[in-house]
Amino acid sequence: MSPAGTVPRPRLVHLGIGAFARAHTLAYTARAGGWDVTAFTGRTPTIAQTLTAQGGRYGLVVRGPETDEVEEIAVIDEAFPAEDLRALRRVIADPATAVVTLTITEKGYAAGSDPAASAPARLALALRARREAGVEEPIALVSCDNLVGNGEVLRRAVLAALDAGTRDWFDAHVDVVSTMVDRITPVAGEEEMALASTRLGFHDRATVVTEPFHEWVLEDSFRGRRPAWEAAGAQLTGDVALHERRKLRLLNGAHTFLAYAGQLAGHERVDQAVADPAVRAAMEEVWAEARATLDLPEAELDEYTSALLTRFRNPRLADALLRIAADGSEKLRVRILPVIAERGGPGRSPAGVAAVRAWTDWVTARSRAGHRIADPRAEEIAAAAALAEDGARVRALVALLGEETDPEALAAAVLSAGA
Ligand SMILES: NC(=O)c1ccc[n+]([C@@H]2O[C@H](COP(=O)([O-])OP(=O)(O)OC[C@H]3O[C@@H](n4cnc5c(N)ncnc54)[C@H](O)[C@@H]3O)[C@@H](O)[C@H]2O)c1
Ligand SMILES: O=P(O)(O)OC[C@@H](O)[C@@H](O)[C@H](O)[C@H](O)CO
């Protein structure tokens, strides 16, 4: 509550306080200045408790190829667990709030009306509270997850969970903004927490470690207030789609390929996988196919992939392939299958097929070794991986990837890729 007569500082609400949000979205917001943040976890409450205990601040370790820079980020002034709907309703209905950013992972956008299980459903309830409070300033919902058209995906998921009255109110009062986000953010460990604690002078248990590179391209469609993110290097544009496709197909597509092919070749980290000549050559094939689907000048694509290679090679970032391997059934649909489809099918996309093959091989080996696969379709994957007959196993796994590419044709190509 601001003292009588003073204008409250504008507020941003963030849903999903994972490592990436702390390294990217919240760091940009801190640098833009002038805004406070109320942050909610996406699922488990732990990080909200940790942040509350340390006054919302945390250390950002920016790990270059040779040195670390450590910065304190102090932009969060309230943190709550996802299930605290009362806090979410209160803060979204507050006229000081003008922006909601989200990093809830690809699977977090599954439409659903149960607020206990669905972030969009929680947001729908909170938007109803804003309408009932009579707030007129448009609020912007800004998706920062690795999805094509992430704004549209978010809009559909929220609309599906809204009551009729708020659905009628929505267009006049809510902007939904697509963004392309980029900053490789591995999982921080004890070493980084100790480094941040020593440099910043408090016991930091919410440290994040990230690379020096960062990029954020946002659709320029805010009717209400927003932080001056451009002051922190963000780009506002009329066309995010091409940026999204370039990043998802080249960076994330290669990451997904490396996650499975790299681990199958015995590597644990991205830098190790790209140092393996066979894995690297296969990744270049994935790039060649993805590049052919992108309407960008060759020189620009050369520059982009060469910069990516430098980023992937950063040995001090220690980005675990296992982190990237999570949720493969969601990620292949976004990063690899559209390339196969646009190339004209599996027959014209051997590298895309090799990526799918690497996923089927890796989930099978890992599941048979007794591990639960981190994936929203974990049970179906385990059941498929247990099938003894290869054809049935691959068909069952490929069927979990949706219909973007004909599953029968894709499964047949995957099977013959391994023959
Ligand atoms: N880490 C990166 O390098 C990176 C870079 C660009 C974009 N991203 C985006 O950020 C997302 C999160 O990555 P991270 O590194 O912060 O991971 P993380 O594991 O540190 O955090 C994941 C966050 O998502 C929430 N979440 C998970 N499942 C959810 C669900 N079903 N519903 C609602 N919330 C859910 C978690 O509670 C947590 O807040 C990625 O999935 C990706 O879309 C990450
Ligand atoms: O974050 P995810 O789980 O969507 O994907 C794993 C990585 O490909 C991803 O985190 C990249 O590191 C990131 O997208 C780089 O900006």
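How do the residues of the shell around ligand 1 divide into nonpolar, polar and charged?

**View 1. The shell around ligand 1 in the predicted model.** Eight residues of this shell are nonpolar, nine polar and five charged. Here Ala, Val, Leu, Ile, Met, Phe, Trp, Tyr, Cys and Pro count as nonpolar, Asp, Glu, Lys and Arg as charged, and the others, Gly among them, as polar. Gly18, Phe20, Gly42, Gly108 and Asp145 come nearest of the 22 residues around the ligand (near: C-beta atom, placed from the backbone, within 6 Å). Helix 1 (residues 19-23) gives the most to the shell, three residues. Helices (H or I, at least four residues) and strands (E, at least two) are DSSP runs, numbered from the N terminus.

**View 2. The open sheet of six strands.** The order is 5-2-1-6-7-8, and the pairing is parallel (pairing: at least two DSSP bridges between two strands). Strand 5 (76-80) and strand 8 (174-177) are the edges; each has a single partner strand, so one side of each lacks a neighbour in the sheet. From one strand to the next, the twist averages 20° (axes are lines fitted to C-alpha atoms, for helices over the stretch in contact; angles run from 0 to 180 degrees between N-to-C directions).

**View 3. Strand 1 beside strand 6.** Five bridges join strand 1 (residues 11-15) to strand 6 (residues 97-102) in the parallel sense. Leucine 15 has leucine 102 of strand 6 as its bridge partner.

**View 4. Helix 6 on the sheet.** Helix 6 (residues 150-161) touches strand 6, strand 7 (139-143) and strand 8 (contact: C-beta atoms, placed from the backbone, within 7 Å). Its direction makes about 120° with that of strand 7.

**Notes.** Residues are numbered from 1 along each chain as its sequence is written, chains are lettered from A and ligands numbered from 1 in the order in which they are written. In this predicted model, local features need pLDDT of at least 70, side-chain atom pairs count only at pLDDT 80 or more, and totals for chains, interfaces and linings use all residues.

Definitions and conventions
Two residues are in contact if their C-beta atoms, placed from the backbone, lie within 7 Å.
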